[in-house]
Amino acid sequence: MASPDPIDALLGAALRAEPAPWPEAWSSDAAEAALLEHADYHGVASLVLPAAAEWPAPVREALRSRAMLRAAWELQHRARLLALLAELEARGAASLFLKGTALAYSVYDQPAQRQRADSDLLVAKSDIEAARAALAAAGFARPEADAQASGALQESWTVVEAGFHHTIDLHWAVFNTPRLAAVLPAEACLAAAVPLPALAPTARMLEPAQFLLHLCVHRNLHRTAPYFSGGRAWFGADRLIWAKDIALLAARFD
């Protein structure tokens with residue numbers, strides 16, 4: 001196995017709460033910029049901030065700024081989610097949260113620590129129109145293309161508030177590929193969903209065993225399906241935030 005990138009190794013140590021001293025050889029603006037770039041790609045800027053006490057001041061301040069922005073986004077985003085959940089309940093549409101938002105409100109100490117750009121919401125195929133109506137009522141803009149007609153299994157709805165973008169990826173299948181439909185059928189997942197009380201009394205998420213399977217498969221799907229970060233398309237399953245997700249969720253099993 002190839003040795004990990006030195007910056008990724010430092011970030012990994014910080015995520016494990018192990019000693020993560022700043023290498024003396026990294027005394028340059030380029031090294032500091034590279035670490036911030038890696039932290040952004042891996043989605044771990046807020047999580048590594050506690051380990052940065054002895055890191056160069058510009059790095060600490062940049063990480064702190066990112067963490068503050070994430071906290072502000074989270075406050076807005078949660079309010080949007082609560083409004084959406086109320087609209088879904090009013091229409092009798094069952095739903096559950098997948099991926100980042102479910103993790104943020106279940107396994108992380110603070111929701112803002114789980115960096116993400118959107119929330120993934122699963123509904124039954126029979127509830128798609130009700131979910132679309134709920135999204136519109138909650139202020140989200142409908143996508144121009146009809147994803148259902150085009151054969152896609154999800155679509156993105158967005159609203160902009162005070163400079164922050166809030167996106168809901170509406171899913172009617174757990175994976176965005178028909179080839180994996182039988183692995184975690186949407187109806188079975190909705191039937192087995194468990195509460196997500198830290199978000200809202202009516203919020204639900206995947207049952208933990210299904211969730212762990214979903215995380216592992218989804219992570220590996222990005223070996224061939226792109227992940228977008230910083231306006232770029234990336235391929236690979238190496239993002240540290242995904243490894244942290246799996247570690248935190250798996251730690252809850254007996």
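In this predicted model, the count of aromatic pairs comes to two, with rings paired when their centres lie within 6.5 Å. One of them joins Trp22 and Trp26 in an edge-to-face arrangement, with 5.4 Å from centre to centre and 90° between the planes. Both partners can be placed with respect to the surface: Trp22 counts as buried because its relative accessibility is 15%, and Trp26 is likewise buried, at a relative accessible area of 17%.

Trp22 also takes part in a pair with Trp55. Here the ring centres are 5.8 Å apart and the planes meet at 55°, so this pair is tilted; the angle falls short of edge-to-face, which would require planes over 60 degrees apart. The contact links distant parts of the chain, since Trp22 and Trp55 are 33 residues apart. Trp22 belongs to the loop between α1 (6-15) and α2 (29-42), while Trp55 belongs to the loop between α3 (45-48) and α4 (57-90). Trp55, like Trp22, is buried. Taken together, the ring pairs make a cluster of Trp22, Trp26 and Trp55.

Aromatic rings also meet charged side chains in this model, and two such contacts may be of interest to the reader. The charged end of Arg70 is positioned over the ring of Trp73, at 4.6 Å from the ring centre. In the other contact, Arg239 lies over the face of Tyr41, and the distance to the centre of that ring is 5.9 Å.

Key
Residues numbered from 1 in each chain as written. Predicted model: local features only at pLDDT ≥ 70, side-chain atom pairs only at ≥ 80, totals over all residues. Heavy atoms only, no water. Phe/Tyr/Trp six-rings, centres within 6.5 Å; stacked < 30°, edge-to-face > 60°. Buried < 20%, exposed > 50% of the residue type's maximum accessible area, 1.4 Å probe, protein only. Helix = DSSP H or I, 4+ residues; strand = E, 2+ residues; numbered from the N terminus. Lys NZ or Arg CZ within 6 Å of the ring centre and 35° of its normal.
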